[in-house]
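Hi,

Here is the structure I promised to pass on. Have a look at it first, and my notes on what turned up follow underneath.

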Amino acid sequence: SVGITGQTKCDSLDPIVSRILNSSADKEKNQIYISDGQVYKAFISDEDEAEFEATLYGGSTYRIAGSAGTDDNYFVFEIYDKETPRNLLFSNADYENSSYWDFKVENTIDCYIITKLDLTKKISGCTVMMIGFEKDN
């Protein structure tokens, strides 16, 4: 079945994204990110995108990590506020599609996180994203 195959391929990205969320270099610096417990997955083709809602709490440092395959730069994510019209707060496309981004949130914000593929590099596949917050030392 196509659905099971697609799900299996998406699941195969989970360990990659887990390693991006907490790399060995981070652990050496005693920097640990705790997952929010969710794995945000979508199978995307062409110009499709997936939208996820999140609440980011003020005073916290977050890492958004993601992948769409063995080359991390396939994965694009954008963070928007919930205003009308939406305001783009961040896009990893501005940073060569970095597979993760760390940021501190000053004030609690409800937001949308959009995941999609860089169509110049890949036209269909899974996107897998995890959100972690930095553990206080």
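Before the details, one term: I call a residue buried if its relative accessible area is under 20%, exposed if it is over 50%, and partly exposed in between, using a 1.4 Å probe and counting protein chains only. Helices (H or I, at least four residues) and strands (E, at least two) are DSSP runs, numbered from the N terminus.

Some housekeeping too. This is a predicted model, so local features need pLDDT of at least 70 and side-chain atom pairs count only at pLDDT 80 or more, while totals for chains, interfaces and linings use all residues. Residues are numbered from 1 along each chain as its sequence is written, and side-chain values use heavy atoms, with hydrogens and water left out.

Now the overall picture. The chain has three helices and nine strands, and along the sequence the order is α-α-α-β-β-β-β-β-β-β-β-β. For 137 residues, a compact globule would have a radius of gyration near 14 Å, and the 15 Å of this chain agrees with that (taken over C-alpha atoms; the rule is 2.2 Å times the number of residues to the power 0.38). The C-alpha trace spans about 45 × 40 × 25 Å along its principal axes. Of the 137 residues, 41% count as buried. As for charge, there are 13 positive and 24 negative side chains, with the centres of the two sets 6 Å apart. Here Lys and Arg count as positive and Asp and Glu as negative, leaving out His and the chain ends, and each charge is placed at NZ of Lys, CZ of Arg, CG of Asp or CD of Glu.

The strand I would look at is β5. Seven of the seven residues of β5 (residues 75-81) are buried, so this strand is largely enclosed by the rest of the structure. Phe75, Phe77, Ile79 and Asp81 point one way, Val76, Glu78 and Tyr80 point the other way, and all are buried.

What does β5 pair with? It runs antiparallel to β8 (residues 109-117) over seven bridges, and antiparallel to β6 (residues 88-91) with three bridges. Two strands are called paired if DSSP finds at least two bridges between them. Aspartate 81 has cysteine 111 of β8 as its bridge partner, while tyrosine 80 is matched with leucine 88 of β6. A hairpin of six residues links β5 to β6.

β8 also pairs with β3 (residues 50-56), antiparallel and over seven bridges, with alanine 50 opposite threonine 115. In β3, Ala50, Phe52, Ala54 and Leu56 point to one face and are buried, whereas Glu51, Glu53 and Thr55 point to the other and are not.

Two single residues to finish. Threonine 108 sits in the loop between β7 (100-105) and β8. Leaving aside residues up to four places away in sequence, threonine 108 touches Thr55, Leu56, Tyr57 and Gly58, where contact means heavy atoms within 4.5 Å. Serine 45, in strand β2 (residues 40-45), is partly exposed, with a relative accessible area of 25%. Its C-alpha lies 6.4 Å from that of glycine 125, which is 80 residues away along the chain. With the same neighbours in sequence left out, serine 45 touches Ile123 and Ser124.

Cheers
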